[in-house]
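Here's a quick briefing for anyone meeting this structure for the first time. Have a look at the model, then read on.

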Amino acid sequence: MPNKEYLYYLIKLGKLYYVNESCRNVKRKEISIYEFTNAELVSFPFETQSIAKQPADDCGGYIVVRNATCEDYIREGERWSKYIDYKEEHVLKLSNVK
């Protein structure tokens, strides 16, 4: 099974890739903060397209389909996790107030 190909989904906004989202409530308004980077290798890999759709719609991005072996998909997730732990300066934040 390690060589079987799997689909996964990334969110793209122009030339940037989705990395993370955080939410907070300020004065009864929910603020979502989306983080993007220009490095596809550290973008967040979604397992299902339907889950990627909501943040893509919220930030005005679109979904990009990728395929990889199970091992490649796991490595993608590990790179993202390390990136989140040691964020670089190349992160763009986009806020959405509801």
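## First look

Let's start with a cysteine: Cys-59 is buried, at a relative accessible area of 9%. Keep in mind that the model is a predicted one. Its chain runs through the pattern β-β-β-α-β-α-β, and that adds up to 2 helices and 5 strands.

**The cysteines**

- Cys-70 is partly exposed, with 26% relative accessibility, whereas Cys-59 is buried at 9%.
- How many disulfides does a search of the whole structure find? The search comes back with 0.
- Cys-59 does have a place in the largest nonpolar core, which is described further down.

**The chain as a whole**

- The chain has 98 residues, and 32% of them count as buried.
- Its accessible surface is about 6,600 Å², and carbon and sulfur atoms account for 52% of that.
- Take the contacts between residues at least 6 apart in sequence: 73% of these join residues at least 24 apart.

**Ser-43, a serine tucked into a loop**

- Where is Ser-43 found? Look in the loop between strand S3 (29–37) and helix H1 (49–59).
- Is Ser-43 buried or exposed? Its relative accessibility is 0%, so Ser-43 counts as buried.
- The Ser-43 side chain reaches the backbone oxygen of Glu-40, at 2.7 Å.
- Leaving aside residues up to four places away in sequence, Ser-43 touches Leu-10, Tyr-17, Tyr-18, Glu-76 and Trp-80.

**Aromatic rings**

- A pair of aromatic rings is described by how far apart the centres are and by the angle of the planes.
- The structure holds 7 aromatic pairs.
- One of them is Tyr-18 with Phe-36: the ring centres are 6.1 Å apart and the planes sit at 80 degrees, so this pair is edge-to-face.
- Tyr-18 is in strand S2 (residues 16–26) while Phe-36 is in strand S3, so the pair ties together parts that lie 18 residues apart in sequence.
- Both partners are buried: Tyr-18 has a relative accessible area of 6%, and Phe-36 has 0%.
- Phe-44 and Phe-46 also pair up, with centres 4.7 Å apart and planes at 80 degrees, so they are edge-to-face too.
- In that pair, Phe-44 is partly exposed at 23% relative accessible area, but Phe-46 counts as buried at 7%.
- Which residues form one aromatic cluster? They are Tyr-18, Tyr-34, Phe-36, Phe-44, Phe-46 and Trp-80.

**Nonpolar cores**

- In soluble globular proteins, nonpolar side chains tend to be buried together.
- The largest nonpolar core here has 9 residues: Tyr-9, Ile-11, Tyr-18, Tyr-34, Phe-36, Phe-46, Ala-52, Ala-56 and Cys-59.
- Strand S1 (5–13), S3 and H1 each supply at least two residues of this core.
- Which element gives the most to this core? That's H1, with 3 residues.
- Another core lies apart from it and has 5 residues, including Tyr-8, Leu-10, Tyr-17 and Ala-68.
- Leu-10 and Tyr-17 belong to that second core, and both are also touched by Ser-43.
- Tyr-18 turns up in several places: it is in the largest core, in the aromatic cluster and among the residues that Ser-43 touches.

Terms used
Residues are numbered from 1 along each chain as its sequence is written. This is a predicted model: local features need pLDDT of at least 70, side-chain atom pairs count only at pLDDT 80 or more; totals for chains, interfaces and linings use all residues. Side-chain values use heavy atoms; hydrogens and water are left out. A disulfide is a pair of cysteine sulfur atoms within 2.5 Å. Buried means under 20% relative accessible area, exposed over 50%, partly exposed in between (1.4 Å probe, protein chains only). Helices (H or I, at least four residues) and strands (E, at least two) are DSSP runs, numbered from the N terminus. A polar contact is a pair of N or O atoms within 3.5 Å; within protein, one must be able to donate a hydrogen and the other to accept it, and residues adjacent in sequence count only if both atoms are side-chain atoms. Contact means heavy atoms within 4.5 Å. Accessible areas come from the Shrake-Rupley method with a 1.4 Å probe; for residues, only the protein chains shown count as cover. Rings of Phe, Tyr and Trp (its six-membered ring) pair if their centres lie within 6.5 Å; planes under 30 degrees apart count as stacked, over 60 as edge-to-face and the rest as tilted. A nonpolar core is a set of buried Ala, Val, Leu, Ile, Met, Phe, Trp, Tyr and Cys residues joined through side-chain atoms within 4.5 Å.
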